[in-house]
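Open the structure in your viewer and keep the selection panel handy. We'll go stop by stop, picking something and seeing what is there.

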Amino acid sequence: MIQAILVFNNHGKPRLVRFYQRFPEEIQQQIVRETFHLVLKRDDNICNFLEGGSLIGGADYKLIYRHYATLYFVFCVDSSESELGILDLIQVFVETLDKCFENVCELDLIFHMDKVHYILQEVVMGGMVLETNMNEIVAQIEAQNRLEKSEGGLSAAPARAVSAVKNMNLPEIPRNINIGDINIKVPNLSQFV
Amino acid sequence: MSDIVEKTLTALPGLFLQNQPAGGPAAPKASFSSRLGGLVRGITALTSKHEEEKLIQQELNNLKATVSAPTTTLKMMKECMVRLIYCEMLGYDASFGYIHAIKLAQQGNLLEKRVGYLAVSLFLHENHELLLLLVNTVVKDLQSTNLVEVCMALTIVSQIFPREMIPAVLPLIEDKLQHSKEIIRRKAVLALYKFYLIAPNQVQHIHIKFRKALCDRDVGVMAASLHIYLRMIKENSSAYKDLTGSFVTILKQVVGGKLPVDFNYHSVPAPWLQIQLLRILGLLGKDDQRTSELMYDVLDESLRRAELNHNVTYAILFECVHTVYSIYPKSELLEKAAKCIGKFVLSPKINLKYLGLKALTYVIQQDPTLALQHQMTIIECLDHPDPIIKRETLELLYRITNAQNVTVIVQKMLEYLHQSKEEYIIVNLFESILVLNTVDTYAPDNAWFIQTMNAVFSVGGDVMHPDIPNNFLRLLAEGFDDETEDQHLRLYAVQSYLTLLDMENAFYPQRFLQVMSWVLGEYSYLLEKEKPEDVITRLYKLLMNDSISSETKAWLFAAVIKLTPQAHSSNLVERLIQEFTISLDTCMRQHAFELKYLHENIELMKSLFPVDKSCEEMVVDASLSFLDGFVAEGLSQGAAPYKPHHQRQEEKLSQEKGDFFHETSSLKLEGIKKLWGKEGYLPKKESKIGDEVEAPPIPQENLTIENMDQVITKRDQSQVLTQSKEEKEKQLLASSLFVGLGSEGTINLLGKADTVSHKFRRKSKGKEAQREETTSAHSVTCSSLSSLSKVTCENNYLNTFSQLLDSESLTELPLVEKLSDCSLSAPSLFADNDMEIFHPPPSTAASVAKGISLYMHSNLMEVCNNEAVSISSYKIWKDDCLLMVWSVASKSGSELKSANLEIFPAENFKITEQLGCCLPVVEAESTRNFQYSVHLEKPFTEGNLSGFINYQLMDTHSVQLEFSINLSLLDFIRPLKISTEDFGKLWLSFANDVKQNIKTSESQAALPSALKTLQQKLRLHVIDIIGNEGLLACQMLPSVPCLLHCRVHTNVIALWFRSSCSSLPDYLSYQCQKVMEGS
C-alpha cells in the first residue's frame, strides 16, 4: 500500500501532499520536511530508494523517489509494493501530467493543484494503485473536463478566450506577472534506468 | 523564451478573469479566482518564513470572513476551498473551513462537489466527527445516475470513511460490483478492500463477491481484486490454495501476451499485474510442494520472456526471483534465478544493484555459496558512496556471519555506525550487532564482547531501543552455562567500565551510564584490587555531575545503595546522604532517605541486598500480615475499617453516577506490590552464601584492536606481492568476510542463523516477569510517584471486574448438545467401522468425559484423511479456554507406529498440549485423541490452527499428513454472569460502543425469542428482561467483557454493544446480525 505521495520542489516547498494514512497535521509537515532533507542530500546518480524515516513507520516503509528538473516526486510505500514498479508508476504519473497539461512544469502544479489531485485520484485510490494505463487515465480526466465545459457554460467562456488567445500566438505578454524565482524548465522525462 | 510565455499563459487563465470586465455577479467572483495566483506569487516573492506566516495568516483571516459570509455563493466557495487546500498544504491550520468543505460537497453542482470532496478528503481523518455529516451525501451520490457522481462518492469512500457508518453504504457499494461500467466496478472493488482493511468483520460475507471480481471480464477489475487477494493470502494462505490454478492461468495469459495491447507498458504486457500475481503465487507456494508444482511452468516462462530492455522488466524479474526462492524449491528454476540475481548484482545501474543485494540477502539463507560468487562485488559495495547500498550490504553480511568472520563484520558495522547520522539505521544495526554478540554463539571471547558493546553503547546510547541495554544486562546476570566463564565476563565488564569512568573529559550517553551503574552495583564485589569505596567514589562523582539526567541518577543511587553494605568505611555514604536529603529532586530525596534509614542497620541491609542474587526471586509478604496486630489495635480504638479501593470507588460511583474515573488523582497504594512496610523492607530472609570466586586471569584489554592489527599486518604482507595494493586488500577483506562459507560451512551456517534469533527471543521473553520483579526489588529506583498512582488506578479497575466475576460461579453453561448428539452426527466413516469415537487412553478418559459432559462442544468434523488414517476434530468450549481435540483413527488393517501430532504455533493463540502426544502404537481400527488447549492472546478476525501428524505404518517409512482448522472469535466468547446492578456499573465504564438495528419478521414475541437465539448461538448470558429491553453480557477469554443492550421497536431490534475492547463490539454485532437474520 502507498502511505503517502509527496511532491516538492528543490527548495522543499510542498507542491502536492497526499497522505493515505492519517497523521496529525504537524507530523505531516514534519514528514514532508524530513523527507525533503533525506532526498535533498542524495546525488542524482545514486539509487532511488530510501528506507523510510523514523516518522513514517521505520524500516518497513520505503521512500521511492524521482527527481525531475525542479521537482521531487516521492512515494512512501510499505513492503507490499515493488520498488521498481513504483518507480515506473511515478513515471506514468508524471507522463500523464505532461499529457494533461501539455509540457507540465512546476507552475501547473501550483496553479492547478486541484486538477493534479484529480489526476492522482485516477492513478492511486485510497493508497491502492487503481490504473497504470496512461491512455485510460487521460480518458477519465478528459471525461471530467468535458463535464466542466458543459457545466461551466457562461463562466467557462473566459477560459476559452484564453485558449483562443494562446492559439493566436499573439506577441503580447501580460506585463504584470511577476512569478518570483520559480524555475521554469521543461521537465526531464528521460528514463532513469 | 517562447516556451516560458506559453507556459505562463496556460498556467494563468485565472489571472485573466481578474481583468474580465464582465458585469454583475461575475465581478466579485473573478477577483476570488485570481487570489490563489496572487497568493502564490506573494509567497514566492517572500524571503523569510516569518513573512510567509504573516501573509498566510492574513489570507486565512480573509478566507474565514468570506466563507462565513452569507452572501458567498457556492462558486466563490469553490475558489476559497482551493486556497484553503493550498494553505493547509503549507502547514497552516484551516480548520474553520472544514464544515464548509462538507457543505460544498453536499450542496454544490458537480464541479463544486468535486472540490468539496477533494477538500474533505485532504482535511479530515477517519475519526473526525464532521465526517458523519457527509454520510448522507455519499449515500445520495452512490445512488445517483450520473457516473461522475458515483465515481466521486466511491473515491471519497476509499479515502476516508467512518468505520461505524460502513453498514449504511455497504449494500450500495456491493450493488456497484454489478455495474455495467468497468471503472465503477473497479472503484467499488477498491472501496470494499478499504472496508476490509478498516473493519474486516463487516465484509466477511462478501468474500464470494471478491471471487466474482477476480473472474470479471474486465482486466482492470480483476487487477483491482488482486489487491484484496494479496492481502488476504498474506494473512492466511491456506484458505485460498484452491485459487492457485486461476492465478497461474491469469499469469500465463498475461505473459503470453493475450491481453489487449492497451495494457502494454513499454511493450511489456501489464507489468504491474504480473508483479502482483507473482507476489501472490510466492505466498501461496510457500512450503507447499503441491501448490508450487502448479506454478513452475509459468515461472519458467516468465523468466524466459522477460527480455531485459526496460526498467519494468527488471521489476518483473525481481519478483520472479523472489517467488522462485519463496516457493518449494525446484533446482532448475533456482539455477535460472541465481543467474538473474547475478545480472542484478553486476549491473552498473545503481537501482538494480540495490535490488540485487536485497535479493542476495533474501536468498543467502538457502544458498550461501551465491555470496561467495559475488564476494568481490559485495566488497565494492561496502565502500559505495551511497549509504543505502552500504546499509544493504551490511544487512547481507549480517546474514552470513559465523564464528570465523564475526570480528571483521562487527567492525564494519561499527565503522558504519560512526559515520551514519540516521537514527533508524542505527537502531536496526544495534539489533544486529547485539544478536551477533551473543557470547556463546559467535563472539570469540569476553573481552571482545564487552569492548564491542561498549562501542555500541557509547555511539548509539540514547537513540537505541531501551530493550537493548536491558537485554544486555539480563545476559550478564543470567550468564551462560559455565559459571567461572560468567564471572570472568562480569569482572571484565566491571574493570572496563571503571577504566572508562576514569578517563578525563569523556562523555557517555545516559543509557550507557545506566548500564554501567547497574553492573558496578551488582558485580563490583568481584574486584580484588579495588575496594567498594573506590567504586562509590566514582559513582559519587557522577552523581554530582549536573549534566546527568535524574533517571540515570536514580540508577547510580541504586548502585550506591547496593555497594554500601560491602563498604568498610561509610564517610562517603554519609556525605551522599547529607547532600541528597536536601535535594530538590523528590525522587532523589526519597532514595537518600531510604539509604539513610537502611544505613543505620547494616545487617538488615546486607540481607536486603545480597551479593550476586539479581537473578533470584524475592518473596515478599504482600498481605502485610505483620501489621495485623497494629490494625486490630486501631479497630478496637474505633478506627473505620479499611475498604479496598474498588469498594470505595463503587460507593462513590453509586453516589455520583457516571463520573467513574474522577477519584484517581490521589495516590492509592492498594494493589501495588508491597516492598516496604512500617518496619522497613520485607523480604524473606535469604541465607547468605559467601562463595568467593577464584581470581580470574587478567583479561586482554585490547583484544579487538589486536585483532584488527593482525588484519592490518596481513595486509602489509600482501603489499609485497605484485598485484595492485587495493585489489589485494579487497581480496583479503573478502577472505576474512566470507570465511567459513564454503561447502562444509553451509549447513552449519543455516543452523546457526536460526538458533541465534531463537535464542535471543526466548531469552527476552521467557524471563520478562521475573526480570521485572528483580529490578523492582533490587534497584528500588524507577517507580516515581506518578506512575504508582497510575498503576493503582488500573489495578483497581481490574479488581472491580474480577470481583464481579467471582461473585457468581461461571461454570454452568447451557448444554445445547449432549455427547450423544455428537456421536450421532459423526461422519459415516466411523459409523461403518463401528468404532468408538471417544477412546482416549485410560488415564485421560475421565477428564475428557468430564470435559464433554460439562461443556458445550462442536460436532466431530473430519479434517483430513488418507488411505491409512483419518483425523477428525472437535472443539470443546471450556470456561477458561478452548479445548481442541483431534482424534486420529487408523483404518482397517494398518497399525500406526509412533504417531505424533504437532500443532504449529499460531500468531494469536497460545497452544498448550494437554497430554503426551506421541503414542508408541495405534492399533488397527482404533482411535486416539490428542488434546490441545488454546488460549487467546489477542483478538483476531480469522484464525486457523494447522498442524501435522506423522506416523509409521508397519514397514514403510514415516508419513506426514497436514491439516488445518478454522477458529472463529466466537470460540472464545463465554457467557458473563453478572447482576443487573453490576451491568449498570460496567456499562458506564466502557468506552467502545457500537449500535446496530436488525429487522425481524415477528413483532410481539421478538425479544424473548431473539434473546434465546443469542444465548444459544453466541453464548451470551441473558441478565434481565425489562419490558421491551433486554440486557446481555459475555466475555471474551481470558476476561474482556462485552455488554449488550437490546430494545425492540415494532419489528426492529436495536442492539447496543459496549466493551472495554474496541474490536469486540464490532465483531459481536456482525455475529448477532448473522444469527438473527438466519433464524
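What follows is a short tour of confidence, one salt bridge and three helix pairs.

Some ground rules before you click: this is a predicted model, where local features need pLDDT of at least 70, side-chain atom pairs count only at pLDDT 80 or more, and totals for chains, interfaces and linings use all residues. Residues are numbered from 1 along each chain as its sequence is written, chains are lettered from A and ligands numbered from 1 in the order in which they are written, and side-chain values use heavy atoms, with hydrogens and water left out.

**Stop 1: colour by confidence**

Colour everything by pLDDT, the predictor's confidence in each residue, from 0 to 100. For the complex, the predictor gives an ipTM of 0.79 and a pTM of 0.59. Chain A has a mean pLDDT of 77, with 72% of its residues at 70 or more. Within chain A, select strand S5 (residues 71-77), which has the highest mean of the chain's elements (92), then helix H6 (residues 157-168), which has the lowest (47). Helices here are DSSP runs of H or I with at least four residues, strands are runs of E with at least two, and both are numbered from the N terminus.

Now switch to chain B, which averages 73, with 72% of the residues scoring at least 70. Its elements range from helix H38 (residues 743-766), lowest at a mean of 36, to helix H15 (residues 271-285), highest at 92. Select residues 743-852 of chain B as well: pLDDT is below 50 there.

**Stop 2: a salt bridge in chain A**

Show the side chains of Lys62(A) and Glu83(A). They form a salt bridge, with the closest N and O atoms 3.8 Å apart; the rule asks for a side-chain nitrogen of Lys or Arg within 4 Å of a carboxyl oxygen of Asp or Glu. Lys62(A) sits in strand S4 (residues 62-68) and Glu83(A) in helix H2 (residues 83-101), so the pair ties together parts that are 21 residues apart in sequence. Over all chains, the count comes to 24 salt bridges.

**Stop 3: H8 and H10 of chain B**

Select residues 132-142 and 166-176 of chain B. These are H8(B) and H10(B), whose axes come within 10 Å and cross at roughly 20°. Axes are lines fitted to C-alpha atoms, for helices over the stretch in contact, and angles run from 0 to 180 degrees between N-to-C directions. That makes the two helices roughly parallel (under 35 degrees; over 145 is roughly antiparallel, 65 to 115 roughly perpendicular, the rest oblique). Which residues of H8(B) meet H10(B)? They are Val135(B), Val138(B), Val139(B) and Leu142(B), where contact means heavy atoms within 4.5 Å.

**Stop 4: H7 joins H8**

Keep H8(B) and add H7(B), residues 110-123. Their axes are 13 Å apart, at an angle of about 135°, so H7(B) and H8(B) are oblique to each other. On the H7(B) side, pick Lys113(B), Tyr117(B) and Val120(B); on the H8(B) side, pick Leu134(B), Thr137(B), Val138(B) and Asp141(B).

**Stop 5: H19 and H22 of chain B**

Finally, select residues 350-363 and 387-399 of chain B. The axes of H19(B) and H22(B) come within 9 Å and cross at roughly 15°, so these helices are roughly parallel. Residues to label in H19(B) include Tyr354(B) and Leu357(B), and in H22(B) they include Ile389(B) and Leu396(B).
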